[in-house]
Amino acid sequence: VSQSRYSTAMYADASTAVDEIVTEAIAATDNEDAVSINLDSSDLPESIKDSIKIEFQEVLRLLNFNYKGYDWFRQWYVDGRIYFQKVIDTTNPKRGIVELRNIDPRKIRKVRKVDKQKDQKTGADLIKNIDEFFIYNDKGINYNPQYSMAAVSNQSLRLSTDSVVYVPSGM
């Protein structure tokens, strides 16, 4: 996605089409929620289903979905991806996730550093270690698959993979 990520969506016809798609996808009435979870065909025990439903409602609360769901879905639809940082209360980790912070997709990238080693007998590359993490830079990140660890540590914030929720469009 380029720096002008909304450039196409800013044209009146395109914007109208995007709004129609988002409105159809996130359609709520006064009597029902915009999204719900259905576990009827699941073989899980009822106690587990109840726990999943409770946690689903908690995620909707953290996202403020009743008020921001349309905006989140529109952002995801236009950008093709959406990121959230999971914030945990470090003084009381048992509270779990206390906040989800939206991250501009132009300012974060997933990095996968693969350490390879040549097999002495076959000459084949063997994977020794895989280090995955996200880098965040408030000034933006131009994609460069050859990020060095020095560049990442000096200019960007390193985020663990379990501290970021990443939802790509699948494309």
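Is Asp89 buried or exposed? That was my opening look-up, and Asp89 turns out to be buried, because its relative accessibility is 17% and the cut-off for buried is under 20%. I note here that I am working from a predicted model.

**Entry 1: salt bridges**

I went from Asp89 to its partner. Arg95 makes a salt bridge with Asp89, and the closest N and O atoms sit 2.8 Å apart. I checked Arg95 too: its relative accessibility is 52%, so Arg95 counts as exposed. So this bridge joins an exposed Arg95 to a buried Asp89.

I then looked at Arg106, whose side chain meets that of Asp104 in a salt bridge at 2.7 Å, N to O. Arg106 is partly exposed, because its relative accessibility is 22%. Asp104 comes out at 16%, so I put it down as buried.

Next I pulled up Lys107 and Asp138, whose side chains form a salt bridge at 3.5 Å, N to O. Why did I bother with the loops here? Lys107 lies in the loop between β2 and β3 (108-118), while Asp138 lies in the loop between β4 and α4 (149-155), so the pair ties together parts that are 31 residues apart in sequence. Lys107 has 22% relative accessibility and so counts as partly exposed. Asp138, at 51%, counts as exposed. I got a count of ten salt bridges for the model, including the Lys107–Asp138 pair.

**Entry 2: the overall layout**

I stepped back to the whole protein chain. I find four helices and six strands, and along the sequence they run α-α-α-β-β-β-β-α-β-β. Of the 171 residues, 23% are buried. The accessible surface of the chain is about 12300 Å², and carbon and sulfur atoms account for 49% of that. I also looked at contacts between residues at least 6 apart in sequence: 54% of them join residues at least 24 apart.

**Entry 3: the three-stranded sheet**

Which order do the strands take in the open sheet of three? I read it as β2-β1-β6, with antiparallel pairing. The edge strands are β2 (97-103) and β6 (164-168), each pairing on one side only. From one strand to the next, the twist averages 25 degrees.

I looked closer at one of the pairings. Strand β1 (residues 81-88) and β6 are antiparallel over five bridges. Within this part of the sheet, Tyr83 stands opposite Tyr166 in β6. Helix α3 (residues 65-79) packs on the sheet and touches β1, β2 and β6; its direction makes about 130 degrees with that of β1.

**Entry 4: helix α3**

I wanted to know which residues of α3 are buried. My list is Phe65, Gly69, Trp72, Arg74, Gln75 and Asp79. I see a charged Arg74 and Asp79 in that list, so I checked what lies over it. The cover for the buried residues of α3 includes α1 (12-25), α2, β1 and β2. Just after α3 comes Gly80, with a positive phi near 80 degrees.

**Entry 5: Leu60 in helix α2**

I moved back along the chain to Leu60, which sits in helix α2 (residues 46-62). Is Leu60 buried or exposed? I have Leu60 down as buried, because its relative accessible area is 14% and buried means under 20%. Which residues does Leu60 contact, leaving aside its neighbours within four places in sequence? I found Val35 and Phe65. Phe65 is also one of the buried residues I listed for α3. I took a C-alpha to C-alpha distance as well: Leu60 and Ser36 are 9.6 Å apart in space and 24 residues apart in sequence.

**Entry 6: a nonpolar patch**

Last, I went to the surface. Which residues form a nonpolar patch there? I picked out Val114, Ile127 and Ile130, which together have about 240 Å² of accessible area. Ile130 belongs to strand β4 (residues 125-136). I checked Ile130 on its own: its relative accessibility is 36%, so Ile130 counts as partly exposed.

Technical notes. Residues are numbered from 1 along each chain as its sequence is written. This is a predicted model: local features need pLDDT of at least 70, side-chain atom pairs count only at pLDDT 80 or more; totals for chains, interfaces and linings use all residues. Side-chain values use heavy atoms; hydrogens and water are left out. Patches are made of residues with over 30% relative accessible area and no salt bridge: like charges are joined within 9 Å, nonpolar side chains (Val, Leu, Ile, Met, Phe, Trp, Tyr) within 5 Å. Accessible areas come from the Shrake-Rupley method with a 1.4 Å probe; for residues, only the protein chains shown count as cover. A salt bridge is a side-chain nitrogen of Lys or Arg within 4 Å of a carboxyl oxygen of Asp or Glu. Helices (H or I, at least four residues) and strands (E, at least two) are DSSP runs, numbered from the N terminus. Buried means under 20% relative accessible area, exposed over 50%, partly exposed in between (1.4 Å probe, protein chains only). Contact means heavy atoms within 4.5 Å. Two strands pair if DSSP finds at least two bridges between them. Axes are lines fitted to C-alpha atoms, for helices over the stretch in contact, and angles run from 0 to 180 degrees between N-to-C directions.
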